[in-house]
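Got your viewer open? Here is a short tour, stop by stop, with something to select at each one.

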Amino acid sequence: MILEGAARIFGNNIDTDLIIAARYLTETNEVELGKNLFKDLRPNFVNEMNKGDIIVAGNNFGCGSSREHAPLAIKGAGISAVIANSFARIFFRNAINVGLPIFVTSENLNSIEEGDKLSINASEGILLNKTKNKTYKFDPYPEFLLNLVQIGGLFNFTKNRLKEVQKNV
Amino acid sequence: MGKTIAEKIFSKHSKKDVKAGDYILANLDIVLVNDITGPLSVIEFQKLGDIKVFDKDKIVIICDHFTPNKDIKSAQNVKMLRNFAKNQNIKHFYEPGHVGIEHVMIPELGLARPGYLIIGADSHTCTYGALNAFSTGVGSTDAGMAMATGDTWFRVPPSFKVEIRGKQKKWISGKDVVLNLIGKIGVEGANYFALEFCGEGLRNLSIDDRFTISNMAIECGGKAGIFNYDEITHQYLESLGINAFDYIEADKDANYEKSITIDLSELDYTVSLPFSPDNTVNVSKLEKTYVDQVVIGSCTNGRLSDLRVAAEILTNKKVKDGLRVIVLPGSPKVYLEALREGLIEKFILAGAAVSTPTCGPCLGGHMGILAEDEVCVSTTNRNFIGRMGHPKSKVILASPAVAAASAITGYITSPEEVM
């Protein structure tokens with residue numbers, strides 16, 4: 001899987017309230033949610049970004065609430081991936097479950113600037129900054145998660161298991 | 001090598017001998033959703049086909065965030081959940097009049113027990129760790145799929161030992177303990193870890209203090225915040241008529257990747273300043289900080305003992321002119337007990353507004369939204385940017401005692417200053 005887009009730079013501890021504020025949580029559609037992505041942090045963000053753009057963040061991205069609306073809003077706005085130094089646990093889980101590609105890297109991403117053209121090779125674990133011709137490595141998914149991602153997330157995983165687990169219901 | 005409480009609970013629920021780092025499927029005792037996360041869960045569940053939930057008695061739907069419904073969309077969402085509950089014959093669905101905040105109600109209903117494995121599509125599901133359960137927040141898809149299968153996937157977390165020592169002075173509460181912990185280790189300090197609370201100081205922490213501490217385990221990234229079982233847990237469960245369960249103890253040689261000690265006798269009144277729960281400071285070291293609103297309630301501090309503390313401080317006193325004080329009992333049971341004890345009367349005589357049980361303003365839902373540049377001192381659990389309303393408003397997290405004292409003076413105040 002190759003993902004390409006311009007870098008959109010965020011810092012540390014970007015919480016789920018900043019990603020999608022509570023007042024928009026009565027919505028369940030990802031495209032509608034995407035219209036209010038980062039509203040309180042960067043009010044004009046969804047107009048400035050383009051489809052395919054990649055979020056580059058620091059530590060603890062997605063901390064706070066369990067709202068799955070957060071990865072859905074990112075996906076719904078057209079962001080193709082998030083790469084960060086670390087993610088909050090529930091956000092990480094939700095992103096895997098809803099099919100938003102996210103990657104963890106221990107490399108320092110500070111030299112990437114807003115708008116740099118990025119390319120992510122997910123299977124090889126390489127992020128390329130095409131503007132600055134610099135590469136960064138990231139950790140591949142553990143085997144269990146890779147299987148989950150490859151079959152299309154938790155829904156497909158469950159659908160495959162359903163006959164077995166429902167026979168006792 | 002011995003096992004932690006988390007490793008033992010996951011071993012029991014996966015019928016495997018598991019250790020930290022293992023990826024497993026584990027059976028669940030309770031699956032919880034609310035009116036924000038539930039609709040997404042049900043949409044995903046229904047895509048699986050015309051099937052029944054795995055156990056109609058183990059699914060809990062509590063519509064608490066926007067209750068009583070604040071607008072048409074929230075009403076439509078609850079209507080959808082109500083229909084789902086009816087069609088699936090789900091036992092634990094509650095309407096206004098019977099509904100309160102999920103994390104206050106679930107222990108009250110006797111649904112959380114020692115040794116249980118509980119998931120909830122709400123990050124503060126970790127609250128039931130106070131009762132020696134492994135309970136953790138997940139997303140809507142997780143909860144929706146678990147409604148069908150009765151299990152879900154986990155990575156067994158490593159554990160972080162928090163040893164509690166000493167005895168606290170009067171008015172110091174579980175909130176001061178947990179804000180202090182978060183301030184020390186940071187909002188990411190326990191990311192992916194299960195916190196285990198132990199030590200001789202536990203005997204000085206009431207069950208409500210423990211609920212408050214476990215509730216905020218997520219604010220330092222904790223996957224769970226589990227307390228050792230003791231006489232206090234025993235008495236609480238016995239008061240609910242619950243006797244049948246197996247509590248879980250860690251082995252003496254269990255492996256902890258991190259550990260910290262908190263001495264209760266050293267704690268002072270602690271608040272978290274905007275915009276992060278780890279931005280903590282002692283009230284005595286704070287410059288005079290004026291507030292526009294005081295909120296006492298939430299899944300963190302909306303229990304009877306919290307209201308008792310606030311009422312004791314507000315008795316025969318008046319809320320400062322120009323200040324709004326909102327008290328939100330956590331459940332109908334809490335509300336009724338507070339009424340019978342005369343607490344509600346004390347709040348109203350002091351000039352506070354008392355709301356029906358709801359999450360309300362905690363997440364900027366309704367019942368106390370802040371305007372631009374306004375400051376609120378709140379017993380809730382988050383002070384992120386825009387959390388309680390306008391992106392330029394501010395929330396300061398505090399205990400019920402500090403919140404009530406601040407209601408009298410109009411600035412962040414220690415209870416000793418007004419008592």
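How many residue pairs are in polar contact across the interface of chain A and chain B? Keep in mind that you are looking at a predicted model. The rule finds 20 such pairs, counting those with both residues at pLDDT 80 or more.

**Stop 1: chain A, the side that touches chain B**

Colour the helices of chain A. Those giving two or more residues to the side that touches chain B are H1 (16-19), H4 (69-77), H5 (89-98), H6 (143-150) and H7 (154-166). Now pick out H7(A): with nine residues, H7(A) makes the largest share of that side. If you colour that side of chain A by class, you should get 20 nonpolar, 14 polar and 11 charged residues.

**Stop 2: the whole interface**

Show both partners together. Chain A brings 45 residues to the contact and chain B brings 50. Between them, the two chains bury about 4,100 Å², with 60% of that on carbon and sulfur atoms. On the chain A side, select Thr26(A), Arg89(A) and Arg93(A): these lose the most area to chain B, together 18% of what that side buries.

**Stop 3: a salt bridge**

The rule finds four salt bridges across the interface. To see a salt bridge for yourself, show the side chains of Asp17(A) and Arg387(B), which meet at 2.9 Å, N to O. Remember Arg387(B), since we'll come back to that residue.

**Stop 4: the largest pocket**

Next, select Phe92(A), Pro140(A), Tyr141(A), Pro142(A) and Leu145(A). Of the 27 residues lining the largest pocket, these are the closest to its centre. The pocket has a volume of about 540 Å³. Which elements each supply at least two residues of its lining? From chain A they are H5, strand E4 (102-104) and H6, and from chain B there is strand E7 (151-155). H6(A) gives the largest share, four residues. By class, the lining has 17 nonpolar, four polar and six charged residues.

**Stop 5: the largest cavity**

The count comes to four cavities of 30 Å³ or more. Head for the largest cavity, which holds about 220 Å³ of space. Select His65(B), Asp122(B), His124(B), Leu363(B) and Arg387(B), which lie nearest its centre among 23 lining residues. So here is Arg387(B) again, the partner of Asp17(A) in the salt bridge. Helices H4 (102-108) and H9 (298-301) of chain B each give two or more residues to this lining. Colour the lining by class to finish: seven nonpolar, 10 polar and six charged residues.

Definitions and conventions. Residues numbered from 1 in each chain as written. Chains lettered and ligands numbered in written order. Predicted model: local features only at pLDDT ≥ 70, side-chain atom pairs only at ≥ 80, totals over all residues. Heavy atoms only, no water. Contact = heavy atoms within 4.5 Å. Buried area = accessible area lost by both parts, 1.4 Å probe. Polar contact = N/O pair within 3.5 Å; in protein donor to acceptor, adjacent residues only side chain to side chain. Nonpolar A, V, L, I, M, F, W, Y, C, P; charged D, E, K, R; others polar. 1 Å grid on protein atoms, 1.4 Å probe; cavity = no way out; pocket = protein on both sides within 12 Å on 5 of 7 lines; lining within 4 Å. Points joined across faces, edges and corners; volume = space filled by probe spheres on them.
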